[in-house]
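The following exercises concern a structure that is to be examined step by step. Please look at the sequence and the model before reading each solution.

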Protein chains: 2
Amino acid sequence: MPKLVARCITISLDGFSAAKGQALDAPFGKDGMRLMEWAFATKYFAKMTGQEGGAEGLDNDFLVHSDDNIGATIMGRNMFGPVRGPWGDEQWTGWWGDDPPYHHPVFILTHHPRDPVAMEGGTTFHFVTDGIESALEQAKKAAGAKDVMLWGGGHVVQQYLAAGLLDELELHVVPVLLGGGSRLLDNLGDADVRLEQVRAVEAPGVTHLKYRSVR
Amino acid sequence: MPKLVARCITISLDGFSAAKGQALDAPFGKDGMRLMEWAFATKYFAKMTGQEGGAEGLDNDFLVHSDDNIGATIMGRNMFGPVRGPWGDEQWTGWWGDDPPYHHPVFILTHHPRDPVAMEGGTTFHFVTDGIESALEQAKKAAGAKDVMLWGGGHVVQQYLAAGLLDELELHVVPVLLGGGSRLLDNLGDADVRLEQVRAVEAPGVTHLKYRSVR
């Protein structure tokens, strides 16, 4: 049964996935890059950003395997780009250049319709205006027998989690206290979400936690 | 160098140490007892509550060793009892009967003065009205070469953490989403608290996390 999975989400010990002061040149907020140091040090990240080197090992393995068996991706529009409101001249096609690292259909949650954009390498951006259930349905159909990756941001993860639609949640907890910002596991209200701990893995300076939903 | 340590604090994955609806007969809030299931199952807990049995192993070890080298305890008045405001007839001497499980001086943060109360077994309750620094100073003096345990509640832990006075924080994270309640790592504001991950240990249904302050 194909799953909706959220992986590669780093949070501070006090639960924030971004610090206060998020801006175009500070996507993780003021001083929020501290969240990502463990990931930046990996070979996976080096490769993704066209650099040599980077560390192998436990942290790298988590990132490498986060891509396993993924056939489609869902993300919020703020992860796709800085454009707010209507899409205007439709020149914005994401942060990732002509050949985005997805190589499969990507469904972007937005209130503003836009025609699909086919990129190089098999990535096509689809813009979904009729809600999270619809996006999931379309993504599962596109993924076939594979899983669907929920890429974020935090508010999108919250919505899928509260709706009981998320099957797997993988968090990376770093020993940082941000004191404010965007809290990942917030706004869940009275949603009765039951989780099961799959594993907890200690690495230097980061704890990898994996959970799955119990229904 | 004697330390101020907070241990045995269980939080939900979304960071709450108690659910909404805390009351005298529901100290962890409505449905909040789910936080404590891992601890209730241990031999340590059974022994503490005068019962037979209970599980040994990893979880039990954490609880057993939480008492190691502790010479004094600090707690907020709400952990000491349900009395609010002035102490009235001073009949309340804690939840723990005539022989409380501390066997050392316990410093209770309160705005209302009261004379010390000597219990059986070496526990004496001292009431501190001049703030957290004073309580820590008195507790360290009383503990001698040993460490001081910060027992809670959450707001007291926050105050010591934000003031940079906490040396060690041990958390137990359970795969529960409460959606609301008392968040342990909250109200830290702009406090620049630097932590270092000491260890992360996976156990069935709970992850034990230990951090120490870096100064």
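**Exercise 1. Determine how many salt bridges join chain A and chain B, and describe the polar side of the interface.**

Step 1. The rule finds four salt bridges across the interface of chain A and chain B; a salt bridge is a side-chain nitrogen of Lys or Arg within 4 Å of a carboxyl oxygen of Asp or Glu.

Step 2. In one salt bridge the side chains of K20(A) and D190(B) meet, at 3.2 Å from N to O.

Step 3. Twelve residue pairs, both at pLDDT 80 or more, are in polar contact between chain A and chain B. A polar contact is a pair of N or O atoms within 3.5 Å; within protein, one must be able to donate a hydrogen and the other to accept it, and residues adjacent in sequence count only if both atoms are side-chain atoms.

Step 4. On the side of chain A that touches chain B, at least two residues each come from β8 (168-174), β10 (195-203) and β11 (206-213). The largest share, eight residues, is supplied by β10(A). Helices (H or I, at least four residues) and strands (E, at least two) are DSSP runs, numbered from the N terminus.

Step 5. Sorted by class, this side of chain A has 18 nonpolar, five polar and eleven charged residues. Here Ala, Val, Leu, Ile, Met, Phe, Trp, Tyr, Cys and Pro count as nonpolar, Asp, Glu, Lys and Arg as charged, and the others, Gly among them, as polar.

A note on conventions: this is a predicted model, in which local features need pLDDT of at least 70, side-chain atom pairs count only at pLDDT 80 or more, and totals for chains, interfaces and linings use all residues. Residues are numbered from 1 along each chain as its sequence is written, chains are lettered from A and ligands numbered from 1 in the order in which they are written, and side-chain values use heavy atoms, with hydrogens and water left out.

**Exercise 2. State what area is buried between chain A and chain B, and how the two copies are related.**

Step 1. Chain A gives 34 residues to the contact and chain B gives 34 residues, where contact means heavy atoms within 4.5 Å.

Step 2. The buried area is about 2600 Å², and carbon and sulfur atoms give 51% of it. This area is the accessible area (1.4 Å probe) that two parts lose on being put together, summed over both.

Step 3. In chain A, the residues that lose the most area to chain B are L13(A), L177(A) and Q197(A), together 24% of what that side buries.

Step 4. Chain A is superposed on chain B by a rotation of 180° with 0.0 Å of shift along its axis (RMSD 0.0 Å). The superposition is by least squares on the C-alpha atoms of residues with pLDDT of at least 70 in both copies.

Step 5. This is the relation of a two-fold axis. The same surface serves both copies, as 100% of the contact residues of chain A recur in chain B.

**Exercise 3. Decide whether H104(A) is buried or exposed, and identify its partners.**

Step 1. H104(A) lies in the loop between α4 (77-80) and β4 (105-109) of chain A.

Step 2. The relative accessibility of H104(A) is 10%, so this residue counts as buried. Buried means under 20% relative accessible area, exposed over 50%, and partly exposed in between (1.4 Å probe, protein chains only).

Step 3. Not counting residues up to four places away in sequence, H104(A) touches I70(A), G71(A), A72(A), T73(A), G122(A), T123(A) and T124(A).

Step 4. The side chain of H104(A) makes a polar contact with the side chain of T73(A) at 2.7 Å, and reaches the backbone oxygen of I70(A) at 3.5 Å.

**Exercise 4. Find which residues of helix α6 of chain B are buried, and examine the backbone around that helix.**

Step 1. In α6(B) (residues 154-162), the buried residues are G154(B), V156(B), V157(B), Q158(B), Y160(B) and L161(B).

Step 2. These buried residues pack against several elements of chain B, including β1 (4-12), β3 (70-76) and α5 (132-143).

Step 3. G153(B) is located in the loop between β7 and α6 of chain B, and the peptide bond from G152(B) to G153(B) is cis, with omega near 0°.

Step 4. After α6(B) comes G164(B), whose phi is positive, near 75°.
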